Every structure is written in C-alpha cells, then in structure tokens.
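Here is a short tour of three residues, written to be read alongside the model. Keep the viewer open and follow along.

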Amino acid sequence: MSLKKQAVSGLVWTFSQQIGYQLISFTVGIILARILAPADFGLIAMFTVVMAVATALTDGGMTASLIRSKDLDELDFSTVFWFNIGTAIVLYILIYLTSPLIASFFDEAVLTNVIRVYSIILLINSFGAVQNAQMTRDMNFRSLFKVQVPSLMIAGIAAVIMALNEFGVWTLVFYPIIQSVCYVIQIWLYSKWRPSFSFSKNKFRYHFNFGYKLTLSGLLDKIFANIYTVIIGKFFSPADLGFYNRADTLKQLPVSNLSTALNKVTYPLFAKISHEQEKLKTVYKKLMKVVVFILAPILCLMASTAEPLIRFLLTEKWMPAIPYFQILAIAGILYPIHAYNLNILKVKGRSDLILKLEFIKKVLVIVILALSIPFGVIGIVWGQVIFSILAFFINTYYTDKILDYNFIEQGIDLLPSIILSLMIGGGIYYLNSSFFLDIPDFLRLVISGFIFVSLYLSAVFLMKFNEIRYVKELLKR
C-alpha cells in the first residue's frame, strides 16, 4: 500500500475510532453527570496529575521511539515491554505508599483508597503498550478501532449500572479499570506479537536516549496541564473542581476527536517523510489549516450556545460550569497546533529541543498562574487563554528553524478561520442571550447550529478558502 493510501486509510479508521470512542464516552459521561454529584468528579480530578505523571514515567517515551525507529527486531520490542511492566510495578508501589499524603494535601480522607484502587490501571495498561505501538507504527488503525471501541462500550454499560446502584465516586474509579482490562485482553488477541524473556542493554540505551528527553518534556507537560486542577482542588471546593473539570471535558470533546485522531496518523506519517523537507512542510501546512478550519467553528459554536447546551445535556446543577467552558473553548482552538509543532521536532529526533521548549513554557505557566489565582477560578481559566496564545509563539520558534515556517506565516494561514468563527460565534451568542430566551433548549441548539453553519460555509465559499478544497480532496480519496 502506498504512503498516501496508508495515510488516508489511517485517517478513516482513526476518525472512526475517535468518533465511536467519543460518542460512547460522551454518552456515558452525560448519563453519569446526570446521576452523580459534581463533587464526585472533583474528587477524581484531584489526583489526575499523579496518574498523568505515573503514566508518562511508565512508558519512558520508549514506545514513541519504537514508532519512529526504522530497523527493529524482536529484542527491541521485548526490551521495551519488560521495561514498561517493571516501571509500572515500582510506580504502583510508590503511589500506594504515598496515597495518604495526597489525601491529606487535599484534606479528603476518602482519596487514600480511591487512589490505591484507581492506580491499578498503570499495571494493566503496561501489558498492552508495545502492541499499541506496533499497530500505530504499522498504521494498523483498523485493529485499534476494533479493540478500543468495544472496550469502552463494555466499561460504559458497567459504569451506568454502578451509578444507578449508588456506587458514587467508585463508579468513576471502576469505569476506567474495566475499560483497561477489556482493552488489554483484546489487543493481545488481535496482535500476533508475543514478548520473549529477553532484555538488551544496548536496545534499552538506544530507545531510552531518545525517550527520556521526551519523557521529561512530557512530564512537565502533564504536571502543568493538570496543575490547574491541583490548585483549584487545593484552594476551592470539590464541587468547584467538578464544574471546572466538566467544562474542560466538554471542551476536549471536539479537540480530542480531531487532534488525537490526526496526531495518531500524522506522527508516523511525518516520520516516513521526515527527510523530504519540502514535502514535510507542504503536508504540515495543509494539516494545520484543515484542523483549525474545522475545529475553530465547532468550539465557537459550542461556546456561543453554552447555556442551552449545558442545561440540555447536564441539567441545571451544572450551570456554574458555563463561564469556564466558554473561556476554555477559546484556549482550545490552538491546542492541536501546539501538538503538531512539537511533532515536527519529534520526527526530526530533536527531543532535546522539545524539552527546552517545555521548560520555558512551564516557567510561563507558573508566572501566569501566580498572577491569576487571586481572581478565583475564573481568573485561572482566563490565564489558560493567555498561556495558549503565548505558547503558540514559543512552539513555532524551532519549527521556523527546521521547516522555515515561522509564526507570522502560520498566523496568516490560521487567522482567517479563527476570526471568521469568532465573529459568527459572537453573533450567535447575541441571538441566544437576546432573542432565543423563550425557546426550548434543544430547539435553540438546532436553530443556532443551522445559522452558524450556513453563515460559516457561505463565507468560506465567498472568500474562496483553500481549506475547503483540501477537505474535498481528502473526502474524495
């Protein structure tokens, strides 16, 4: 199969996987949000930073090394497999022993046992990481689709049953555990590879030398991506954190669907053309423009209809999440662009530059967070918008050095879609706050969506956006 056909096939199956995954996850999340209390979600969010850090350490960036490396043999895969399992065991023991300290930090005694049970996921997932890397490397997204979607479906059904039977916060603990168990069992069934009882120091050094810098930058990213939940959980109530967490989760729905799906395909795709400079730049530019062309209007539409959207989906008890969601949606527009700029450095093997950029950005996060805490949760959320804009300029620095594609050129390519989306979104928000107040929420959403899409597509065709041609080409293929 040609590289182009591989990429298109990968996109189809990855989008199918993401859409199926997110539809199930979204539906289950809505049902659980209607049954459980905001404080239950807040409790789980309190230790997400611990799990994020542990997950990054378990892998050590070595599966990313497997995906990018050209010539691999059985010893490469087995070495990474046993490293993952050994690291997961050590980290689980550490988390088990320190969970009382984490619970004490947040002044929530129930967290001790919750963390100890929840972190079993580390051990389970370590058994499937290498198989996942192999399928991603081979762009076998069809098999990943068959593994991930049924796993989530089984776990989702179990979670709803537990919530209805008043399991409370434990519903949110066992939900991902059941999903991980189903996932690992299935990926072993679909994968023909089996680990051998072998470990190579040379293979370990090779993958570790690439992976450890990626891991350090990933750790910084995970810690600071979750630092907002830590700060809100420490200084505000579990309910406040629950509102913030649900707003962020809702914002992540379109962001994750699009950016995660494309990221899975583009990383191995970029790796295959990493030595063809002009081709890499052309593909990269088209990808960036298409992502923002699709993502910006979706987020702006959701932000402009936040009130009827959240009330319709989550009920009145989640209404305090509305302003958080609207602000986070603005920050989310640039999120995929950050990831793709760093992907260029990954495929060029410059994990050292990624680490440097992450360090600079984290210093910036600390400064912005320190200045925004006195303004409450709303100030912290606005701080994320400011950081996202500044991070765009930072991330594009080395992309300019490598691809000769600086922030000015990227801005010229991306701003038309963003500005158009914000303008139409502002109009929709005005209509909803002034003229649609007496209309049922579902009807408000339908009318607003129809007006937004009609205006956006009309403007796109009138102004002859190239992005519409790129999307048409992709759909034809």
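## A buried arginine and two residues of one helix

In this predicted model, R116 is buried and yet has no salt bridge, and the nearest side chain of opposite charge, E108, is 16 Å away. That distance is why the pair does not count as a salt bridge, which needs a side-chain nitrogen within 4 Å of a carboxyl oxygen. What does lie beside the side chain of R116 is the backbone oxygen of Y96, 3.0 Å from one of its polar atoms. R116 belongs to helix α6, which covers residues 111-118. Beyond its neighbours within four places in sequence, R116 is in contact with Y92, Y96, S99 and P100.

Now to helix α20, residues 407-434, where L431 is found. S417 lies in helix α20 as well. Is each of these two residues buried or partly exposed? The table gives the values.

| Residue | Relative accessible area | State |
|---|---|---|
| S417 | 1% | buried |
| L431 | 24% | partly exposed |

S417 counts as buried because its 1% is under the 20% cut-off. Leaving out residues up to four places away in sequence, S417 touches V292, F293, A296, Y456, F465 and E467.

L431, at 24%, is partly exposed because its value falls between 20% and 50%. With neighbours within four places in sequence set aside, L431 is in contact with F436 and I451. For another landmark, look at R444: L431 and R444 are 13 residues apart in sequence, and their C-alpha atoms are 9.7 Å apart in space.

Notes:
Residues numbered from 1 in each chain as written. Predicted model: local features only at pLDDT ≥ 70, side-chain atom pairs only at ≥ 80, totals over all residues. Heavy atoms only, no water. Helix = DSSP H or I, 4+ residues; strand = E, 2+ residues; numbered from the N terminus. Buried < 20%, exposed > 50% of the residue type's maximum accessible area, 1.4 Å probe, protein only. Contact = heavy atoms within 4.5 Å. Lys, Arg positive; Asp, Glu negative; His and termini not counted. Polar contact = N/O pair within 3.5 Å; in protein donor to acceptor, adjacent residues only side chain to side chain.
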